[in-house]
Amino acid sequence: MGTGASRNSDGGSHAGEEREESLDQAGGQLYVSLKMENYKKKGDLIPHVYGSVPLVGSWDSSKALSMERESTSMWELSFVVPPNHETLDFKFLLKPKHGYTPCIVEEGPNRQLIGGTLQGDARLALFKLDNEEVLEYRVLIKADRVSPFDLAASWRAYQDNLRPSTVRGIPDVSIDAVPETGRENGSSASLELDLEHYVVPAPSTSANSGLVYAANLAENPRSLTFSGGCCDRTATIKEMEVVIPDSSKVYSGSGMVESKSVGTFSPLQKQDSHRGLFVDRGVGSPRMVKSSSSTAFSFDLKLDSQNKNSMPAAAGAVAAAAIADQMLGPKEDRHLALVLVGLPVRGKTFTAVKLTRYLRWLGHDTKHFNVGKYRRLKHGTNQSADFFRADNPEGMEARNEVAALAMDDMIAWMQEGGQVGIFDATNSSRSRRNMLMKMAEGKCKIIFLETICNDERIIERNIRLKIQQSPDYAEEPDYEAGLRDFRIRLANYEKVYEPVDEGSYIKMIDMASGHGGQIQVNNISGYLPGRIVFFLVNTHLTPRPILLTRHGESRDNVRGRIGGDSVLSDTGEIYMKKLANFVEKRLKNERTASIWTSTLQRTILTASPIVGFPKIQWRALDEINAGVCDGMTYEEIKKNMPEEYESRKKDKLRYRYPRGESYLDVIQRLEPVIIELERQRAPVVVISHQAVLRALYAYFADRPLKEIPHIEVPLHTIIEIQMGVTGVQEKRYKLMD
């Protein structure tokens, strides 16, 4: 990664050939258009496509996908393919319009589409009729790589090319670009103008982090005793003595290569601009060991016996790649310390909180250690700006002492099984960073994460928020006096600030402005650091609401059946109209908002009366796959499959329906949705299903994975998540009983 070419927010200067190459290697999704042109028209035979996942899901001709007529002789089918399913096996067949006679499958072997390229020279599809007559169809393939963000941002430009599919499970993302022209008479009267009338209290366990000073949500010192909550001012420190390493020498520990080769990336470029961003070791294949007493396989990891949480809770590729990192690297690489660097009010704590939430949601054991919190608990909250002078030896010693204590706590936690520690402090001098690297030597891998902001408007806003929210000024009755003191403190830091140019680092430059910015990386490799960089590239501070709601009540809800693809009940249709009216009123000034649904008809129907916004269908938002239990009631499962019923009851998080999914599988497929939600600068309305919304809500509310299957997401209720500089706040609206 350190050898990547420099790119900045004006789009870079690469030649077209290299851009095409990066398109092929980029993330995102493949938009494929299959076309067939017939030379001879034969009765009412309609071309269809059938094949393997994700095109259809089974080689069942009865579930074949109908191609749409584009002209008198041309038929077309478009769909979007995720990166992990870019190899498709399929065939064409002809099916009578009314299904009175058997279908006719094309001659020859299965077709294979790899990365958007049709293998072999199969430009003709041949169909042999009963009378030995042969029909010829010319096959045309077009493939382009797009991201869901691009689809949402330019939906009108795509309206002539993309059509919403009427078949369940075709696209991972499709778009409804045809605006509704009318609405059923009288529906607007079903919701009062006062939206607050529908507000209901959120569950008491929800995390409204926007109402709490973010640093106070960080870890507490291990040697604390409390007489109250985590922020109690009567808390005392016991045994605060800690050895502070000599930081006068420049540390050059193993693995800390002072490479000057830096890659720069802009979040405004498309994902195809990130070629060379990740230097992965690859996904490992742990040796499989079969127990003599069981048919189940287990992993023989042979990792450090003291590492209790070596296997992350997440599933699939996330866990496999994380295990590969642990197995293929030195011992200290199994633990990652993200050490924040930057002047005050540059967004360090905000970034630390977001990263902690994201990594925990993916299943990586992560904790946030805030040195300011340690300092306040050790030395009180009434320290003046003089305490932060570089020429104040007592202040410097006290600040280094609490930094070393926090680092000791973080390393001790890692040695007990923790995976990612986020060390939140200014760390603005080389001597402080050298001290931390010396403490981490042989114990954890350090990556410095530096936040830089040159926008005076943002800095001024953050200064005022600091005075209003920080416990450092809670006892200062004079706001202007607090403001003057903090400006002096900031000047003290600026005098001695030394930007990071040593070791492994990530620099976020002007990422908070909303006008681009840069990400610089140096000496970064591995699965998890790559995921962290990708997340940071896609995150920003623009305030906007995200509305989460389940579909209206379906007929299967009434019958108590899980899964399925039923239509709405009468009650669900009422909610459908109320929701449309709510969205119209709540987002009346947000013309750039978008509506996201699953590909199941109960969510599409729920969204149908909403007008004026693009509607994007995500297959990733489909309800948890119940496998062989799809369409059954829980009572039927208990009666007919008692072992499955009990297994699910014991561990709903990890339980996987036979031929279906677990909650961890759902989290895995929702990661692209989370990234897109973080990238959006306009409001988004997500209409989905209970299991999916539980997982999404857990991300924003920072709820533990084990709680996800039990989170309350009732029908006919809207959960509004407000994203902004002060954190995440929640409000709930209940439109119907």
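**Burial, helix 11 and the second largest pocket**

In this predicted model, buried residues account for 54% of the 737 residues in the chain. The chain contains 18 helices together with 30 strands, and the area that it exposes comes to about 32900 Å², of which carbon and sulfur atoms supply 49%. When contacts between residues at least 6 apart in sequence are considered, 72% of them join residues that lie at least 24 apart.

Burial can be followed in detail along helix 11, which spans residues 527-537. Eleven of the eleven residues of this helix are buried, that is, each has under 20% relative accessible area, and helix 11 is therefore largely enclosed by the rest of the structure. The buried residues of helix 11 begin with Y527, L528, P529 and G530, continue through R531, I532, V533 and F534, and end with F535, L536 and V537.

Empty space in a structure can also be examined, because rolling a probe the size of a water molecule over the atoms shows where such space is left. The second largest pocket has a volume of about 420 Å³. This pocket is lined by 24 residues, among which I562, G563, E623, Y634 and Q690 are the closest to its centre. Two elements, helix 12 (555-559) and helix 18 (690-701), give two or more residues to the lining of the second largest pocket, and helix 18 gives the most, with three residues. In terms of residue character, the lining of the second largest pocket comprises nine charged, eight nonpolar and seven polar residues.

How values were computed
Residues numbered from 1 in each chain as written. Predicted model: local features only at pLDDT ≥ 70, side-chain atom pairs only at ≥ 80, totals over all residues. Heavy atoms only, no water. Buried < 20%, exposed > 50% of the residue type's maximum accessible area, 1.4 Å probe, protein only. Helix = DSSP H or I, 4+ residues; strand = E, 2+ residues; numbered from the N terminus. 1 Å grid on protein atoms, 1.4 Å probe; cavity = no way out; pocket = protein on both sides within 12 Å on 5 of 7 lines; lining within 4 Å. Points joined across faces, edges and corners; volume = space filled by probe spheres on them. Nonpolar A, V, L, I, M, F, W, Y, C, P; charged D, E, K, R; others polar. Contact = heavy atoms within 4.5 Å. Areas by Shrake-Rupley, 256 points an atom, 1.4 Å probe, with all protein chains shown as cover.
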